Amino acid sequence: MKSFLVQGYAAAFHSLDSHGDIILPGAFTRTIEDRGDTGWNALIEHCTKIGRALRVAQADKGLYVFIRIDPETEHGQQAIDDIKLNLLQGISIGYKARKHTWNETGNRVLQEIDLLEISLVKCPSNALCRIIKYGMVEE
């Protein structure tokens, strides 16, 4: 069986996003411990399910994800087509802040996050959150 896999950073540590948030290393530790590192919903633009995250992991630069897109669905196939045409290059997350502080410039510094979902998006909130690698693989 062939699958379309995407990997890249869904969140970047120590980097200001367009919402004024900065995520610290370790912010995802509790949510990954509570829910595991597999099975997260993968959405398109935070709306429609297109697959599942096969793995999420905190790396040096941020939250790194491996996503399987379901090509058997209309939205999944559309996402694959858009990725191949470089129309869909970003990755984003839906989350709820559990623990945060404010820095001297008024930005929210996220120390602990509840991860809700992972989305492939055209314009990520953080420019560093991009698809790094994709392609069809034999499973």
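**Exercise 1. The largest pocket**

Determine which element supplies the largest share of the lining of the largest pocket.

*Solution.* Step 1: β6 supplies the largest share of that lining, with four residues. Here helices (H or I, at least four residues) and strands (E, at least two) are DSSP runs, numbered from the N terminus. A pocket is found on a 1 Å grid over the protein atoms alone, as an open set of points where a 1.4 Å probe fits, with protein on both sides within 12 Å along at least five of seven lines; its lining residues have an atom within 4 Å of a point.

Step 2: The elements that give two or more residues to the lining are β1, β2 and β6. The lining comprises 16 residues, and those nearest the centre of the pocket are Asp17, Ser92, Ile93, Tyr95 and Ser125.

Step 3: The space in the largest pocket is about 210 Å³. Grid points are joined across faces, edges and corners, and the volume is the space filled by probe spheres set on the points.

**Exercise 2. The basis of the model**

State what kind of model this is, and which elements of the protein chain have the lowest and the highest mean pLDDT.

*Solution.* Step 1: The model is predicted; local features need pLDDT of at least 70, side-chain atom pairs count only at pLDDT 80 or more, and totals for chains, interfaces and linings use all residues. Residues are numbered from 1 along each chain as its sequence is written, and side-chain values use heavy atoms, with hydrogens and water left out.

Step 2: The average pLDDT of the protein chain is 95, and 99% of the residues score at least 70. This quantity is the predictor's confidence in each residue, from 0 to 100.

Step 3: Strand β8 (residues 131–138) has the lowest mean pLDDT, 92, while strand β2 (residues 21–23) has the highest, 98.

**Exercise 3. The nonpolar core**

Identify the residues with the most contacts inside the largest nonpolar core, and the element that gives the most to this core.

*Solution.* Step 1: The core has 31 residues, and Phe28, Leu63, Ile118 and Leu120 have the most contacts inside it. A nonpolar core is a set of buried Ala, Val, Leu, Ile, Met, Phe, Trp, Tyr and Cys residues joined through side-chain atoms within 4.5 Å. Buried means under 20% relative accessible area, exposed over 50%, and partly exposed in between (1.4 Å probe, protein chains only).

Step 2: Two or more residues each come from β1 (2–12), β3 (40–44), β4 (48–58), β5 (62–69), α2 (74–84), β6 (90–102) and β7 (108–121). The element that gives the most is β7, with five residues.

Step 3: Beyond residues up to four places away in sequence, Phe28 touches Ala11, Phe13, Ile23, Gln58, Leu63, Ile93, Ile113 and Leu115. Contact means heavy atoms within 4.5 Å.

**Exercise 4. The partners of β1**

Establish how many bridges join β1 to β8 and to β5.

*Solution.* Step 1: β1 and β8 run antiparallel and are joined by seven bridges; Leu5 has Gly135 of β8 as its bridge partner. Two strands pair if DSSP finds at least two bridges between them.

Step 2: β1 and β5 also run antiparallel, joined by eight bridges. The bridge partner of Gly8 in β5 is Val65.

Step 3: Nine of the eleven residues of β1 are buried.

**Exercise 5. The loop between β3 and β4**

Describe phi at Glu45 and His46, and decide whether these residues are buried, partly exposed or exposed.

*Solution.* Step 1: β3 and β4 are antiparallel and share five bridges, including the one between Ala42 and Gly51 of β4. Their hairpin has three residues between the strands.

Step 2: Glu45 lies in the loop between β3 and β4, as does His46. Most residues other than glycine have a negative phi. Glu45, however, has a positive phi of about 50°, and phi of His46 is positive, near 65°.

Step 3: Glu45 is partly exposed, because its relative accessible area is 34%. His46 is likewise partly exposed, with a value of 35%.

**Exercise 6. Two lysines**

Find the residues in contact with Lys49 and with Lys99, leaving aside neighbours within four places in sequence.

*Solution.* Step 1: Lys49, in strand β4, is in contact with Asn41, Ala42 and Leu43. Its relative accessibility is 45%, so Lys49 counts as partly exposed.

Step 2: Lys99, in strand β6, is in contact with Val109, Leu110, Gln111 and Glu112. Lys99 and Leu110 are eleven residues apart along the chain, and their C-alpha atoms are separated by 6.3 Å.
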